[in-house]
Amino acid sequence: ENWYDSEEDILGIHIEDKEYWKSIELPNGIIIDVSRDGKIIGIEILRASKIFSGDVKKVLDLVKK
């Protein structure tokens, strides 16, 4: 399930139901969750409201529901 934490300003995107192994944090504030077999299972975007602004901010509005 996708989620948005407005207090922390983090957007979480769920991709696949697999057992979590570790997270890889990229320098641009994106965290990729990886399963033991190397599949991307989720993504967290820090400072999401700064990335999703203007018309694209509708993404956050949809996830809040």
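**Exercise 1. In which sense do strand β4 and strand β5 pair, and over how many bridges?**

Solution. The model used here is predicted.

Step 1. Locate the strands: β4 covers residues 30–35 and β5 covers residues 40–46.

Step 2. Read off the pairing. The two strands run in the antiparallel sense and are joined over five bridges.

Step 3. Find individual partners. I32 has I43 of β5 as its bridge partner, and D33 is bridged to G42 in β5.

Step 4. Look at the connection. β4 and β5 make a hairpin with four residues between them. In its turn, G38 has a positive phi of about 85°.

**Exercise 2. State the order of the elements along the chain and the order of the strands in the sheet.**

Solution.

Step 1. Count the elements: the protein has two helices and five strands.

Step 2. Follow the chain from the N terminus, which gives β-β-β-β-β-α-α.

Step 3. Now read across the sheet. The five strands form an open sheet in the order β1-β2-β5-β4-β3, with antiparallel pairing.

Step 4. Identify the edges. β1 (3–5) and β3 (20–25) each have a single partner strand, so one side of each has no neighbour in the sheet.

Step 5. Add the geometry: ignoring direction, neighbouring strands of this sheet are turned by 15° against each other on average.

As background, strands of a sheet pair through backbone hydrogen bonds, either parallel or antiparallel.

**Exercise 3. Describe how β3 is joined to β4, and decide whether G29 is buried or exposed.**

Solution.

Step 1. β3 and β4 pair in the antiparallel sense over five bridges. Among the facing residues, S23 is bridged to D33 in β4, while E25 stands opposite I31 in β4. D33 also has a partner in β5, namely G42.

Step 2. The two strands form a hairpin with four residues between them. G29 lies in the loop between β3 and β4, and its phi is positive, at about 85°.

Step 3. Apply the cut-off: a residue is buried under 20% relative accessible area. G29 has a relative accessible area of 4%, so G29 is buried.

Step 4. List what G29 touches. Apart from neighbours within four places in sequence, G29 is in contact with E44, I45, L46 and R47. G29 also lies 9.1 Å from A48, C-alpha to C-alpha, although 19 residues separate them in sequence.

Step 5. Compare with the strand that follows. β4 is mostly covered, with five of its six residues buried.

**Exercise 4. Place F52 in the structure and find its contacts.**

Solution.

Step 1. F52 sits in the loop between α1 (48–51) and α2 (58–64).

Step 2. The relative accessible area of F52 is 13%, so F52 is buried.

Step 3. Leaving out neighbours within four places in sequence, the contacts of F52 are L11, I45, K57, V59 and L60. I45 is also one of the contacts of G29.

Step 4. Check one separation: F52 and I15 are 37 residues apart in sequence and 19 Å apart in space, C-alpha to C-alpha.

**Exercise 5. Summarise the whole protein in numbers.**

Solution.

Step 1. Extent: the C-alpha trace spans about 35 × 25 × 20 Å along its principal axes.

Step 2. Burial: of the 65 residues, 29% are buried.

Step 3. Surface: the accessible surface comes to about 4800 Å², and 51% of this belongs to carbon and sulfur atoms.

Step 4. Charge: there are 10 positive and 14 negative charges, and their mean positions are 5 Å apart.

Key. Residues are numbered from 1 along each chain as its sequence is written. This is a predicted model: local features need pLDDT of at least 70, side-chain atom pairs count only at pLDDT 80 or more; totals for chains, interfaces and linings use all residues. Side-chain values use heavy atoms; hydrogens and water are left out. Buried means under 20% relative accessible area, exposed over 50%, partly exposed in between (1.4 Å probe, protein chains only). Accessible areas come from the Shrake-Rupley method with a 1.4 Å probe; for residues, only the protein chains shown count as cover. Lys and Arg count as positive and Asp and Glu as negative; His and the chain ends are not counted. The place of a charge is taken as NZ of Lys, CZ of Arg, CG of Asp or CD of Glu. Two strands pair if DSSP finds at least two bridges between them. Axes are lines fitted to C-alpha atoms, for helices over the stretch in contact, and angles run from 0 to 180 degrees between N-to-C directions. Contact means heavy atoms within 4.5 Å.
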